[in-house]
Amino acid sequence: MSTGTIKKVAGPLVIARGMKDANMFDVVRVSEERLIGEIIEIHGDEASIQVYEETSGLGPGAPVESTGMPMSVELGPGLIGSIYDGIQRPLEKIMADTGSNNLKRGVDVPSLDRDKTWHFDALKSAGDSVTGGEVLGEVQETPVVKQKIMLPPDMEGELVSISSGDYKVTDVIAKIKDADGNEREITLMQKWPVRKGRPYKNKLSPARPLITGQRVIDTLFPIAKGGVAAVPGPFGSGKTVVQHQLAKWADADIVVYIGCGERGNEMTDVLNEFPELKDPRTGYSLMQRTVLIANTSDMPVAAREASIYTGITIAEFFRDMGYSVALMADSTSRWAEALREMSGRLEEMPGEEGYPAYLGSRLAQFYERAGVVETLGSEAKEGSLSVIGAVSPAGGDISEPVTQATLRIVKVFWSLDSALAYQRHFPAINWLTSYSLYLDSLEKWFNSDVAGDWIALRQEMMNLLEDESKLNEMVQLVGMDALSAPDRLKMEAARSIREDFLHQDAFHEVDTYTSLNKQHKMMQLVLAFYNKSLEALKKGVEVGDLCAMGVRETIGRFKYTEEKDIDSRYQEIMDELTKDIDLVLSKEDS
């Protein structure tokens, strides 16, 4: 264990001398208050330390002690439903222990509750041969999550003893004899360094979508389970609401939500809302399958840099159990700003806009930890980790370095548009500039598991929206009256797609989530109006009469139909559409 003294303090950066025996990324305790920090640079016997707590009052000569261990998280029962800060300190426990709403310096509270007992059901027996990642038993962590107690990835050997019963996270539940004949103890809890990805057998190609219930995402720009997506957008365009919607409704077993440098009131909304929300998958509170990491903008900047690594390591832990995990990082721009601040204090050569030259590689290291994997252990389990990162470019300028570096890595781009937000069109995802590179790999799943014409209908809608954009330019020059009847109908159909299909109310109890079956029926209705009207136009019907049909309002209100009534209501509207078209045709004939 290396000990030294402070030489210089520059905000969250502390330089200590006498640290020649310390290693890069060792966790250190700074001053008599034992503030937690991490070594990020070593020159000779001098170490640069980023301190994860407020450094005011520190001065030269104060002691610095290295723990000899890298920054790690505790993984085990008690994670689900917890609210941590960026370095996995349990905020609720700290508040209870200190009796204060403010995070005091030097507080040392274990991440997992040491007093709570958990019932462990052993699935292996003494004498069994086990390898890293093997599931030894289970703990019912919440009513909806069964945590699988796994052998740490770096262990293998023969089980000497294992028994079911009630244990604390630090109690020994099993003993293992390794190849060298050494006996090692296994507890309910394990530790893992946050900057090192957890191992797996194989990485697989994503082939199933992550269903979100958000129509513009699922239909037009889907993300695969194990995929990566970016949501860039200017202030007020609805990034945080999109992230909240995905956290609430995404088809994932576990949700890890990282509030990285966000406003305190937004994290307060999450903390107040999630426990109250009834999870549609389970009927229990959404917090029963959620881990929250709250690192608000007023918390020390260095802890913000660590928060996304803390979050993704916890997410990988649940992925290794064979679960589908969705991680929301809101926002990676604030994380990049923390990198920039620390880089500036280290006097590194700045890159574009002052960000460090290694910004792109650090972002890639984070996003590349997503994926669908075959997990370790003798049982063939498949786990997935999907990562959705919000980006907050200054002034909405997506040509800035963080957005551009992110877009080089991710395969889905949901482009939030301030113009759509000002028109109160939410989600404000621009259908002309967004894209999903997973469409080809997901086409087979959508066509076989939802409907054979899913991709064809999606393409027809996209064609209408693109044609509308071109026609709009002409309308602005010469007016709507100059358009031909088919083009005017096309404009009306595109408006219907925008207002009736793409516009979705996150705060409406029915419209907030739309199943794939309902999305398919909505596509069919909107396009049936267009195609049947096009046929009627050819028979000489006036476009104004078609646009004035009462069924259009009915189609628009179909989105508020409850799931149980979808099929019957769909048939009623189709019948009404046929009737209205026939009525318009009979008027024309008479």
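Student: At what angle do α6 and helix α7 (residues 359–367) pack?
Tutor: This is a predicted model, so every value here is computed from it. The axes of α6 and α7 lie 11 Å apart. The angle between these helices is about 135°.

Student: Which word describes how α6 and α7 lie to each other?
Tutor: Over 145 degrees would count as roughly antiparallel, and 65 to 115 as roughly perpendicular. The angle of α6 and α7 is about 135°. These two helices are therefore oblique.

Student: Is the crossing of α6 and α7 left-handed or right-handed?
Tutor: Look at how α6 passes α7. The crossing is right-handed.

Student: Which residues of α7 make the contact with α6?
Tutor: Start on the α6 side, with Thr332, Trp335, Ala336 and Leu339. By class, the whole contact has six nonpolar residues, one polar and one charged. On the α7 side stand Leu359, Arg362, Leu363 and Tyr367.

Student: How far apart are the axes of helix α5 (residues 301–319) and helix α6 (residues 332–345)?
Tutor: These helices pack at an angle of about 130°. They are therefore oblique to each other. Their axes are 8 Å apart.

Student: Is the crossing of α5 and α6 left-handed or right-handed?
Tutor: Take α5 and α6 where they cross. The crossing is left-handed.

Student: How many charged residues are in the contact of α5 with α6?
Tutor: From α5 come Val301, Ala302, Arg304, Glu305, Ile308 and Tyr309. They meet Arg334, Trp335, Glu337, Ala338, Leu339, Glu341 and Met342 in α6. The contact has eight nonpolar residues and no polar ones. The charged residues number five.

Student: What is the strand order in the closed barrel of six strands?
Tutor: The pairing in this barrel is antiparallel. Neighbouring strands are turned by 45° against each other on average, direction ignored. The order is β1-β2-β5-β4-β3-β6.

Student: Which residue in β4 is the bridge partner of Val28?
Tutor: Strand β3 (residues 26–30) and strand β4 (residues 35–43) run antiparallel. Four bridges join them. Val28 has as its partner in β4 Gly37.

Student: Which residue takes a positive phi in the hairpin of β15 and β16?
Tutor: Strand β15 (residues 172–177) pairs with strand β16 (residues 183–187) in the antiparallel sense, over five bridges. Val172 stands opposite Thr187 in β16. Five residues lie between the strands, and the one with a phi near 85° is Gly181.

Student: Along strand β17 (residues 190–193), which side chains are buried?
Tutor: In a regular strand, side chains alternate between the two faces of the sheet. Lys191 and Pro193 point to one face and are not buried. Pointing to the other face, and buried, are Gln190 and Trp192.

Student: Which residue in β17 does Ser72 stand opposite?
Tutor: Strand β7 (residues 72–75) and β17 pair in the antiparallel sense, over four bridges. Opposite Ser72 stands Pro193.

Student: Is Lys521 buried or exposed?
Tutor: Lys521 is found in helix α13 (residues 516–538). Leaving aside neighbours within four places in sequence, it contacts Phe558, Ile566, Asp567 and Tyr570. Buried means under 20% relative accessible area. At 13%, Lys521 counts as buried.

Student: How far apart in space are Pro232 and Val402, C-alpha to C-alpha?
Tutor: Pro232 lies in strand β19 (residues 228–232). It counts as buried, at 1% relative accessibility. In sequence, Pro232 and Val402 are 170 residues apart. In space, C-alpha to C-alpha, the distance is 9.7 Å.

Notes: Residues numbered from 1 in each chain as written. Predicted model: local features only at pLDDT ≥ 70, side-chain atom pairs only at ≥ 80, totals over all residues. Heavy atoms only, no water. Axes fitted to C-alpha atoms, helices over the stretch in contact; angles between N-to-C directions. Parallel < 35°, antiparallel > 145°, perpendicular 65-115°, else oblique. Left-handed = near helix turned anticlockwise from the far one by under 90°. Contact = heavy atoms within 4.5 Å. Nonpolar A, V, L, I, M, F, W, Y, C, P; charged D, E, K, R; others polar. Pairing = 2+ DSSP bridges. Buried < 20%, exposed > 50% of the residue type's maximum accessible area, 1.4 Å probe, protein only.
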